[in-house]
Amino acid sequence: MTQPPRYRLAAGGHIDRSAAIGFTYDGVDYKGFAGDTLASALLANGVHLVGRSFKYHRPRGIFSAGTEEPGALVQLARGARSEPNVRATTLELYDGLVAASQNCWPSVAFDIGAINDLMSRFIPAGFYYKTFMWPPTPRWWLRYEKAIRHAAGMGRAATLADPDRYEHRYAHCDVLVVGGGAAGLAAARSAAATGARVILCDENPSWGGGLQDPDAVIDGKSVDDWITDTTRELAACPDVVLLSRTTAFGYYDGNLVGAVERVTDHLAKPPPFAPRQRLWKIRAGAVVLATGALERSIAYMNNDLPGTMLAAAAGTYVRRYGVRPGDRAVVFTNHDGAYADALALHEAGVAIGAIVDARPPAMLASALPQRARAAGLTVLVDSVVAGASGKHHVRAVDVRLRAGGATTRIDCDLVCVSGGWNPAVHLFSQARGKLRYDDALATFVPDASPLPIIPAGAANGRFDLAAALTDGHAAGHAASLKAGGLNSSAIRGVTAVDGRETSPLNTEPAKAGEVPSAGAPSPAQSLPTSRGAPHANALAVAALRPLWSVAPSRSSAKRFVDFQNDVTVADIALAAREGYQAVEHLKRYTTLGMGTDQGKTSNIVGLALMAEELGVAIPQVGTTTFRPPYTTVTLGAFPGAECGVHVEPTRRSAMHAWHAAHGARFVNAGLWKRPHSYPRPGESEDDAANREARNVRESVGIVDVSTLGKIELQGRDVAEFLNRLYINRWDTLGVGRCRYGVMLRDDGMVMDDGTTSRLASTHYLMTTTTVNAVKVMQQIEHLLQIEWPELEVYAASVTEQWAAVALAGPRSRDVLAQLVDIDVSNAAFPFLAVAACEVRFGDARMPARLFRMSYSGEMAYEIHVSADRGAQLWEAVMAAGVPFAIMPYGTEAMSTLRIEKGHVVIGAEADGRTTADDLGLAALVNPAKWCVGKPLLERPALTLPERWQLVGLTSCDGAAIPRGAKIVVDPDAASPNPVEGHVTSWCFSPTLGAWIALALVARGRARHGETLWAISPLAGAKCRVTVGPPCFIDPKGERLRV
Amino acid sequence: MSDAAIDAIGATAQGRFGATAQGHFGAMAPGHYGASASGTYGAAGAGIVLAPATIATAWNVQGDPSSAVFTDQARTMFGAPLPLVPNTTTRGAASAILWLGPRSWLVLQELASRPVGRADDVTQPAEEVAAQPSAEFDAHRDALSAQGGALFDVTASRVAFTLRGPHAATVLAAQCPLDFDPRAFPPTHCAQSLVGHINALIFRHADAQMFSVMVARSMAADAWHGLCVASASTGYDVAPASPLSIV
């Protein structure tokens, strides 16, 4: 066994001295113990200097022992798991941990950037904004920013893809207790005793929070035993969930609390399949916020030197980690609480140079100062620390009377500072709870909340142990009652944590302040009793005298308020002088509280100093807005498993496997994957699409149209409903026929198109475009439920029920005739006919719906079968088509075919700004009936002759028509060149051997024969085009009907 | 980010062709997620059995529940009354009726014969699916239509998966915002919600540790993948398909 590190105590603390752990910091190997954080292990090895500050590159040490840490931010190096800005104070040590200082070069001890500190009088608050905004063009800030970011950078993000898994978990409870300290444990216990479903979470790996007083007794037990027994009781209760290492970071509407559980971050080798972190979304009936309190600092000269830390943090390192944070300490405070930490340090063998207390002697009459004096500690009353000195570590402090005068130097290597405590009101404020300034505590405490949120314990300004236990107990009980109104399980048959039947009535909370006598163990559901107060974590802020800063002896010396963002007292004064006096302006101008610590130790000090500057009371300055997250949350936790290709669901048709096996390139259509084309070896996608399109014109092709929206309509009023929904007439449609229809939005613009078939007298099938399937269904449901509930029409989406193929081309009937059991001759099954039939192929028998309709302009059919037969149908059609050289075709060929035919597409031609008339579909609008959108078609602007109308364009010179081109008269006219329209769809037509396009052109229908230009200034391309009708092929539609 | 890097994380940008088969987890543990063959996967100590379930017929009944002729017709036809309390179910001899909405129900009938599920690829349909009784369906539709109601065949619309075991509710809670406490979601109740980002109809069997999840056919592969991923940290068994039983 090697010698334990110099600053490790021989005994005490919650560490396991039998489990040594090796780790590396800044390239040096160290040893720590299980139970250490990186910070405690470094301190045990005498390492204080761990980083450089954000702006001035000042040396920074370990300042706290928790999530509020502003200085000890390190780069955790784990390859793809590398992570910047990790708080050393919460980073649990594991074997082989490698971490490094950040924001320093070449090393943390010799950092070039420290020249910023010498230059600091030239770079005050707002310096970057004022200086680097000039000259305004050409956007110099963008260039400066890179250099500034390098100089001021924090750590570096990993450049490799995140290898970890993150899980989500939704949870529901009656009472969520945030914080597992004295108040939180008491609250969870009293809530559980009512039978409520309880979730208790705490950000730390162990329970107890700030409850660490070795002398306190609760329910007749030591603090450690009480914590162990209480958590064991809670864990045994089936309706209680305990979540350690879980930070409740955000409060959202409807009592939804976001929490992140660090499942494997503390392990050297995470077990396979375990998620790294789990994001909890907890819906609670009521929330108890037992989030504790955060200690604050005092701004004196050089108060940022390593070796300076919050008094309670020093106490925590002694008590929890068995570490002496120094050899000789000076404690600087303005209240009783820090005396407990001074005593803990003293008992651990740290020499106490002095306790420097800013208060007058009369305020030091209570027990703790007396104990300190009895222990022989020097207490300097009415005194302040005026400044500290040292280079990379504090060597001494200068002490003087508060009123002023000469200073005395006291040598020390540790300064423990405490200016009081601030309740952690973050979640309370996020939930729009009101805060109240408490003069005695000199801080903001929770006031009223309209929501079922109950702050308890230190978070509620109740700092001593007895009050915290009482408060927690009452809060847990009250929360359970509040939740009862929201979630009845709390008032159903209840099982107490001790297994006995109980009811909320016999768990009446004790009156506030009533602390029963100590000693006897109490039943689980009763109020915990305590003695040995003050609060274990020295939260006794009784008799506090506010002190925010100490006047400096040299005006150039820095007194830090925000240690992470290098905001000093002088910066706040500057902001006040320059008019940035509102607290939100102060924050943004100085960056106070804008670091990753969100100013947990600094905000109150900053706004108190602003109040001093302005000569107003602190409540008048107010606080900045608290927003989630409370502490930083790994970005990967938010998407969870929904990342990569799973960022949204993928929809695949029943024939998808066939497409993939036959070389299809897929394209996204909404969430669907559709085959774009089926390139053969060595063939480009464009060539494949042209081949596929040509084959449809010359022989026969098959395309998967399963993705089209399909809606079945039943009921005696369907025809009337369709009349109201579509612009054209439907009461004339006979059974066994289908018809093309267009529907409008309320504003008269084209919304969607498709065909509707009459399958039986009161049974119809509507098809919609792929991307509008849901929108049309919503429209139908809205109209039936809200507008016309009197219509007997029922609608169901059957998109998923039916797989569909379109068979197109002059040989399509020849293929079909081999497959179906009905006569498909032109006489028996003419254009726009519909029939039920059976597809027979080999032994297979598939009930099917057959439609004769065409999108390509060729003779064409659609066959629909039950989706589970889709693959079988496709194989059957392909096999039957072999003698006719059948080919599958994708969306690209389909698009080419429909452009040649002049069919519009929703989204391209019907882009939400076009009317049926613009698209040349005015003839469909039935003048004799009303339909959705029709009244607003009467608007004058929709009938003007200069509206953009659908035309066809043909390239004059064989050049490609540029994508997204504008239509102009003169391609070389000076800017702004008047735009006459734009190209909506374009392709090379293999049938015509020419580049063609559909376009919307002003007065388009009157300009057939005109020559215009399609230009794309972006691509630097232009093409001379002839305007004509949109239909390039078979304008009379003869091929459809043969 | 380079194209290679985009491919590595499986992102498909608009205009890029080809679904990347290897998903986000593909590089980490191929074969362990989205498992398709029978077997044991994930962490040790399987706490859940996942299996596809074959739906014999699924019919969507719609109509006005205040019309006695309609509800009587439905009861006669399906051997059970339409459930009128939201998210509840009723059972007939070989069928169950699930509440979907104030005027909409799902009638699930069980298979007369038991198809044999495939062990090598459980996501493929069972080898013997009963022929769809299309004439019977048409007769039912006409009968309901005569009483002012409607009947839609949605048998192939959804694919069902069952989750069984002590971790079934936990695995669902990783993907679904509903409260799966039996007091909030009692056995034999159903609900429509999300599983991951996919709409799902969830049924809790009389065995409170067993759920059936029905999702749109086109998204079934993603839903199955999501269930496997969510089950990985507890470990899971994959079993071949069996007929969906609404008990």
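Colleague: Is the crossing of α5(A) and α6(A) left-handed or right-handed?

Modeller: Bear in mind that this is a predicted model. The call depends on which way the near helix is turned from the far one, with anticlockwise by less than a right angle counting as left-handed. By that test, the crossing of α5(A) and α6(A) is left-handed.

Colleague: And at roughly what angle do the axes of α5(A) and α6(A) cross?

Modeller: Two packed helices are described by the angle between their axes and the distance between those axes. Here, α5 covers residues 182-193 of chain A and α6 covers residues 223-236 of chain A. Their axes come within 10 Å, and the crossing angle is roughly 35 degrees.

Colleague: Which residues of α6(A) make the contact?

Modeller: On the α5(A) side, it's Leu185(A), Ala188(A), Arg189(A) and Ala192(A). The residues of this contact, taken over α5(A) and α6(A), split into 5 nonpolar, 1 polar and 2 charged. From α6(A), the partners are Ile227(A), Thr230(A), Glu233(A) and Leu234(A).

Colleague: Let's jump to α14(A). How far does it reach from its first C-alpha to its last?

Modeller: Helix α14(A) runs over residues 603-614, which is 12 residues. At 1.5 Å a residue you'd expect 16 Å, and the model comes close to that. The actual reach is 17 Å.

Colleague: Which residue just after α14(A) takes a positive phi?

Modeller: Within α14(A), Asn603(A), Ile604(A), Val605(A), Gly606(A), Leu607(A), Ala608(A), Leu609(A) and Met610(A) are buried. Just past the helix, the phi comes out at about 70 degrees, and the residue is Gly615(A).

Colleague: Now the two chains together. Which element gives the most to the side of chain A that touches chain B?

Modeller: The contact takes 46 residues from chain A and 51 from chain B. On chain A, the elements giving two or more residues are β8 (166-178), β32 (665-669), β33 (672-677), β35 (709-714) and β39 (794-797). That side of chain A divides into 20 nonpolar, 14 polar and 12 charged residues. With 6 residues, the top contributor is β8(A).

Colleague: What share of the residues of chain A count as buried?

Modeller: Chain A has 23 helices and 50 strands, and its C-alpha atoms fill a box of roughly 115 × 75 × 60 Å. A residue needs 20 or more other C-beta atoms within 10 Å of its own to count as buried. Of the 1042 residues of chain A, the buried share is 56%.

Colleague: And what percentage of the residues in chain B are buried?

Modeller: Chain B has 5 helices and 13 strands. Among its 247 residues, the buried ones make up 45%.

Definitions and conventions: Residues are numbered from 1 along each chain as its sequence is written. Chains are lettered from A and ligands numbered from 1 in the order in which they are written. This is a predicted model: local features need pLDDT of at least 70, side-chain atom pairs count only at pLDDT 80 or more; totals for chains, interfaces and linings use all residues. Axes are lines fitted to C-alpha atoms, for helices over the stretch in contact, and angles run from 0 to 180 degrees between N-to-C directions. Helices (H or I, at least four residues) and strands (E, at least two) are DSSP runs, numbered from the N terminus. Two residues are in contact if their C-beta atoms, placed from the backbone, lie within 7 Å. Ala, Val, Leu, Ile, Met, Phe, Trp, Tyr, Cys and Pro count as nonpolar, Asp, Glu, Lys and Arg as charged, and the others, Gly among them, as polar. A residue is buried if 20 or more other C-beta atoms lie within 10 Å of its own, exposed if 12 or fewer, and partly exposed in between; C-beta atoms are placed from the backbone. The expected span of a helix is 1.5 Å times one less than its number of residues.
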